[in-house]
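Thanks for asking me to look this model over with you. My comments are set out as numbered points, so you can follow along with the structure open beside you.

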Amino acid sequence: MSSTPPSATPPAHGLNLAQQEAVNYMHGPCLVLAGAGSGKTRVITHKIGRLIQAGLPPQEIAAITFTNKAAAEMRERAKKLIGQPARGVLICTFHALGVRMLRQDGEVLGLKKQFSILDSDDVTSILKDAGGSTDAATARQWQWTISAWKNSGLNAAQADAQAASDEDRLVARVMARYEERLTAYQSVDFDDLIGLPLKLLREHDAVRDKWQASMGHVLVDEYQDTNATQYEVLKLLVGARGRFTAVGDDDQSIYGWRGATLDNLKKLPLDYPQLKVVKLEQNYRSTSAILRAANNVIAPNPKLFPKTLFSELGEGEPVRVVDCDSEEHEAERVVARIQSLRAEGTLQAVGGQHKEWGDFCVLYRANHMAKPFEKAFRKAQIPYKVSGGQSFFDRAEIKDLCSWMVLMVNNDNNAAFIRSIKTPKRGIGHTTLGALSTFAEQYKLSLFESLFSNSLSTVLPAKAVGSLHEFGRYLNDLEYRARRTVGAEDARAFLTTWLKEIDYEKHIYDSEDSENVAAARWTNVMDFCDWMAQRCGGQIDDTSGAVVAAETKTMLEVVQTIALLSTISEREGDQNVVTLSTLHAAKGLEWPHVVLAGVNEGLLPFKLDDDDGTDAARTENIAQRLEEERRLMYVGITRAQYTLAVNWLRRRKKGRDTVAGIPSRFIAEMGLDKATVREDPREKIRALRAEFAKRAADSAEANQLAEAARDAG
């Protein structure tokens, strides 16, 4: 018999006591430790409203988060809560803020306003060239290393100076040549969107003063995910006044592999001794049984700021541990569980409603673990989606069109030049492009600039030069037309004409053996063009992808933001399907019914053995990785609202072999076999009220003493 928790919403007035304290503290640095499901977005949006109510102009408030989707949600919630003034608040990602800063002030660093933003494939291509390698895997490894150095605030010279091995010294030299090419191409990568704004703020006093004056209060969401460079940017944006609110949870820091560091939480009380710390411990998402398992799992990790989540939603269903014979057997058991809960829901459902497919989620450690579930769901005719699958913008046909668009706004982008001139083919071969590249490097020109050099005819035959000139003239004409194309209707006409001129539909059908595949790719092109037209027509916001009413834009203005976008928002709408997702991709989301799959040693936690370094360094590295894996398990548990099943495999695949499975240590750490201690949440709330009353009384007494001292003076 399943228990039905009450609605997971905060008190009628909107904020509990701890949330109120966080919202009302406005005059200095504030750290809000927001446990899973504790209402952090509510606190951020209410604090924006409180700041505006207190007289701070909306234009002087910035709320920064990590994804376009999170920024869009925050923007929508702020608009509903605050109304028209919310439109003036800058709500964006760290990277979008970086773009804004560089577009406005990047010229002092030698960047043109229409610089290009390289995607991952562009970076790999340039690194292969810079390192003299044809191996994409090697280039991607260089890319990871260089990204880690950039996120730590190092340039090529600094990386070379501290290189500990010949391999590191080699990568540092590749990085130096890579940096030279970025400068020549008037391009930046995603790491530069944080690193270059930091350089702006550090080295240019006038720019720093301007941005500090415009930032009356900065709110940072998911603060635990910031890296070292982002922390330095934040410090320089808020200046000595330190008017910021950092909202995060050290127990949900799971992105160490991409540079996020808990050191940023440790630094706050040291850099800002007056830091106000507020803990949000009341969870509005999960039942007590689920939260108890989560609290038990995270307990062994060292705590920067100890906290324990509690819930008023009742005990709920016990957390289930399910042992499975194999991956296929696990998928079958998940299908049976979903079908059983759905059938049960027709008689006795959560909130009196039938359980929808969208109420269910299966979470796992690695992408490859989705395949058995996909197969089982298809067989059982269960609709599903794989979250974090291929981005719309990663499709070849969309990358082709984006390359043309990037080249329109930045002729110096060599990566976009090469892709555009080759797609579709126009009779310009590798020999011609190779000679053009050599010529450009010799004279320190971009490939596009080289097209019209008077000396080009000395290294290429007249026919090749003519073909290159024709491409260059066409691109200039395209840029001219795009600059004068305004609004949705004109944008559709522009895009339709362009695709006909380059004969792109024929290119797609010629490059595919299957007509059905070609037709699907062409449909993607049409969807993309329609979406771009809507952006020009002011129907889609240019940084978040959200559907809003905004100003009409020229095609060229829309194209300038194209590299920041990772998905088409219309394709991300709520779907009534079961979600399959990695644990990393699930952070920030929630589902009524969750299954954690493959919770085995070697999978979660992921294999911890490490042969590099000294014994002491290896031990420390393993300890840190185990702590992050434990946080990942904690994130998985706290995605569940009403029911949670934790699966482990008796036998699992490892490469081509099948090996004995060992249940994850985290299953024992959940403490499900311990006697249940039913904590009365009312007692916790009474204690919190008493604590806040005492603080208020102490504050009032301190104010009276201060007034008495002034009167005596």
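1. Is S581 buried or exposed? To settle that in this predicted model, look at its relative accessibility: the value is 1%, so S581 counts as buried. The residue belongs to strand β14, which covers residues 578-582. Setting aside residues up to four places away in sequence, S581 touches V362, L363, Y364, S387 and A586.

2. Now for the chain as a whole. The protein chain has 28 helices and 18 strands. Of its 713 residues, 50% are buried. If you take the contacts between residues at least 6 apart in sequence, 77% of them join residues at least 24 apart.

3. Next, the nonpolar interior. The largest nonpolar core holds 51 residues, and F417, W498, M532 and M555 are those with the most contacts inside it. You may like to display F417 with its partners: beyond its neighbours within four places in sequence, F417 is in contact with L407, L433, L436, L447, F448, L451 and F471. Another core lies apart from this one; it has 42 residues, including I194, Y231, F244 and L262.

4. How do α16 and α20 lie relative to each other? The axes of helix α16 (residues 396-409) and helix α20 (residues 462-483) cross at roughly 80° and come within 9 Å. Angles of 65 to 115 degrees count as roughly perpendicular, and α16 and α20 are therefore roughly perpendicular to each other. On the α16 side the contact uses W404, L407 and M408, which meet F471, Y474, L475, L478, E479 and A482 in α20. By residue class, this contact of α16 with α20 has eight nonpolar residues, no polar ones and one charged. Two of the names here, L407 and F471, also appear in the list of F417 contacts.

5. A second helix pair is worth a look. Helix α6 (residues 136-151) and helix α8 (residues 166-185) have axes that come within 10 Å and cross at roughly 80°. As a result, α6 and α8 are roughly perpendicular to each other. From α6, the residues W142, T145, I146, W149 and K150 meet E167, D168, V171, A172, V174, M175, Y178 and L182 of α8. The residues of this contact of α6 with α8 divide into nine nonpolar, one polar and three charged.

6. Please check the two cis peptide bonds described here when you step through the backbone. T423 and P424 are joined by a cis peptide bond, with omega about -5°. P424 sits in the loop between α17 (414-422) and α18 (430-442). The bond from L604 to P605 is also cis, and its omega is near 5°. P605 is in the loop between β15 (591-596) and α26 (615-637).

7. Two residues other than glycine deserve a glance for their positive phi. For E222, phi is near 50°. E222 is in the loop between β6 (217-220) and α11 (228-238), and with a relative accessible area of 14% E222 is buried. For D503, which is not a glycine either, phi is about 55°. D503 lies in the loop between α21 (488-501) and α22 (504-510). With a relative accessible area of 41%, D503 is partly exposed.

8. Which residues does R202 touch? Leaving out residues up to four places away in sequence, the partners are R208, E232 and L236. R202 is placed in helix α9 (residues 192-203), and its 48% relative accessibility makes R202 partly exposed. R202 and V233 are 31 residues apart in sequence, while their C-alpha atoms are 8.8 Å apart in space.

9. Last, the cysteines. How many disulfides are there, if a pair of cysteine sulfur atoms must lie within 2.5 Å? The count is zero. Two cysteines you may want to find are C92 and C536: C92 has a relative accessible area of 6% and is buried, and C536 is buried as well, at 0% relative accessibility.

Terms used: Residues numbered from 1 in each chain as written. Predicted model: local features only at pLDDT ≥ 70, side-chain atom pairs only at ≥ 80, totals over all residues. Heavy atoms only, no water. Disulfide = S-S within 2.5 Å. Buried < 20%, exposed > 50% of the residue type's maximum accessible area, 1.4 Å probe, protein only. Helix = DSSP H or I, 4+ residues; strand = E, 2+ residues; numbered from the N terminus. Core = buried A, V, L, I, M, F, W, Y, C linked by side-chain atoms within 4.5 Å. Contact = heavy atoms within 4.5 Å. Axes fitted to C-alpha atoms, helices over the stretch in contact; angles between N-to-C directions. Parallel < 35°, antiparallel > 145°, perpendicular 65-115°, else oblique. Nonpolar A, V, L, I, M, F, W, Y, C, P; charged D, E, K, R; others polar.
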